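Work through the following exercises with the sequence and the coordinates side by side. Each task is followed by a solution that proceeds step by step.

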Amino acid sequence: MAFDLENTPSQQGKIAIVTGANTGLGYETVSHLARKNCKVIMACRNADKAAQAKAEIEAKVPVADLEILLIDLSDLSSVRAFAQAFRQQYDRLDFLINNAGIMWPPYSLTVDGFESQMGTNYLGHFLLTALLLDLMPNTPDSRVVSLSSNAHRLGSGEINFGDLQSEQNYSKTGAYSQSKLACLMFGNELQRRLEQAGKKILSVTAHPGVSNTDLARHMPQYQIALVQYTIGPLLCHAPDKAAMPTVMAALAPDAQRGEYFGPQGFLEMKGKPGRATQSDYAQNQAAAEKLWQVSEQLTDCRFAIARDQEVTTP
């Protein structure tokens, strides 16, 4: 399936939330959506950086309709405050782009006691989606887009339910892989539950391939430079290109339920966006159901999707 953003219909009147919107993939995703006349809520942690990014995008995209709302996905109280603030201003949401993430930090815990990558990349987005899903119109044009990674295959390739917060053994790369696997499995399980409830809303997932973004800030500078000036050009693509699988997931008219999008080049590292592949474990329904239940317990939120009631005319 080909995707041409230029020929994609205008998204005038629609509202999107993009988490992690002030840098990297989030920044580029906001820019692409703004060009299609979509109003975008930039969900960011740092007000100053968000304001600077907003000004830059508005300078490049004169039609941009942007607003900043602060959120810290590593703090569930902040996620709840964001959802409340959004609901006070808006009565609908068309696109929820769960983009924000951190990669390979030293071991640390969120304020809620979660391993930082699992808490920020996955559990914060799980709660955010639960708190806002009911605002989404019941149509396939409404999309929840969850960002995963090629790294979901790495490490053990499974969710370690016995040590979900890496308290017994911490590997920064392993914890990152597990958090991104959780994001992918969440997207799949959300789609299954939407279908069970008779909803037409789509839950789709995407990954960017490999790109030089601020996500790599915890890598040693010499490693970044080594990759950038050796094999980088062969394996990486620019952030504006890396954001296209996300944009395709959100806007492609022919996107199907539960699809996964990513670059189409070698090992899905770079290239034009299209359908991507996911591991067998990522599609394990029993594991996904267990992850959902554990996530409800950890976030203290019962994520129930109300079944639509058919209205019949006498």
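**Exercise 1.** Determine which residues of E2 point to either side of the strand, and whether they are buried or exposed.

*Solution.* In this predicted model, Lys-39, Ile-41 and Ala-43 point one way from E2, while Val-40, Met-42 and Cys-44 point the other way, and all of them are buried. Taken as a whole, strand E2, which spans residues 39-44, is mostly covered, with six of its six residues buried.

**Exercise 2.** Describe how E1 and E2 pair, and follow the chain from one to the other.

*Solution.* Begin with the pairing: strand E1 (residues 15-19) runs alongside E2 in the parallel sense, and the two are joined over five bridges. Next, locate individual partners: Ile-15 has Lys-39 of E2 as its bridge partner, and Val-18 stands opposite Met-42 in E2. Finally, trace the connection, in which the chain leaves E1, passes through helix H1 (residues 24-35) and arrives at E2, a β-α-β crossover that is right-handed.

**Exercise 3.** Repeat the analysis for E2 and strand E3.

*Solution.* E2 and E3 (residues 65-70) pair in the parallel sense, here over six bridges, and Met-42 stands opposite Ile-68 in E3. The chain crosses from E2 to E3 by way of helix H2 (residues 47-60), and this β-α-β crossover is right-handed.

**Exercise 4.** Explain why E1 can be called largely enclosed, and identify its pairing with E4.

*Solution.* Because five of the five residues of E1 are buried, the strand is largely enclosed by the rest of the structure. Ile-15, Ile-17 and Thr-19 point one way from E1, Ala-16 and Val-18 point the other way, and all are buried. E1 also pairs with E4 in the parallel sense, over three bridges, and the bridge partner of Ala-16 in E4 is Phe-95.

**Exercise 5.** Characterise the packing of helix H4 against H10.

*Solution.* Start from the geometry: the axes of H4 (residues 116-132) and H10 come within 10 Å and cross at roughly 80 degrees. Since angles from 65 to 115 degrees count as roughly perpendicular, H4 is therefore roughly perpendicular to H10. The contact is then resolved into residues, with Tyr-122, Leu-123, Phe-126 and Leu-127 contributed by H4, and Leu-291, Trp-292, Ser-295, Glu-296, Leu-298 and Thr-299 contributed by H10. Sorted by character, the residues of this contact comprise seven nonpolar, two polar and one charged.

**Exercise 6.** Place Phe-114 in the chain and work out its surroundings.

*Solution.* Phe-114 is found in the loop between strand E4 (95-98) and H4. Its relative accessible area is 5%, and the cut-off for buried is under 20%, so Phe-114 is buried. Leaving aside residues up to four places away in sequence, Phe-114 touches Leu-76, Ser-108, Leu-109, Gly-119, Leu-123, Gln-165 and Leu-298. Phe-114 and Ser-74 are 40 residues apart in sequence, with a C-alpha to C-alpha separation of 8.4 Å in space.

**Exercise 7.** Decide whether Ser-279 is buried or exposed, and name the residues it touches.

*Solution.* Ser-279 lies in the loop between strand E8 (273-275) and helix H10 (285-299). Its relative accessibility is 11%, so Ser-279 counts as buried. Not counting residues up to four places away in sequence, Ser-279 touches His-152, Arg-153 and Leu-181.

Terms used: Residues numbered from 1 in each chain as written. Predicted model: local features only at pLDDT ≥ 70, side-chain atom pairs only at ≥ 80, totals over all residues. Heavy atoms only, no water. Helix = DSSP H or I, 4+ residues; strand = E, 2+ residues; numbered from the N terminus. Buried < 20%, exposed > 50% of the residue type's maximum accessible area, 1.4 Å probe, protein only. Contact = heavy atoms within 4.5 Å. Axes fitted to C-alpha atoms, helices over the stretch in contact; angles between N-to-C directions. Parallel < 35°, antiparallel > 145°, perpendicular 65-115°, else oblique. Nonpolar A, V, L, I, M, F, W, Y, C, P; charged D, E, K, R; others polar. Pairing = 2+ DSSP bridges. Right-handed = clockwise from strand over helix to strand, strands pointing away.
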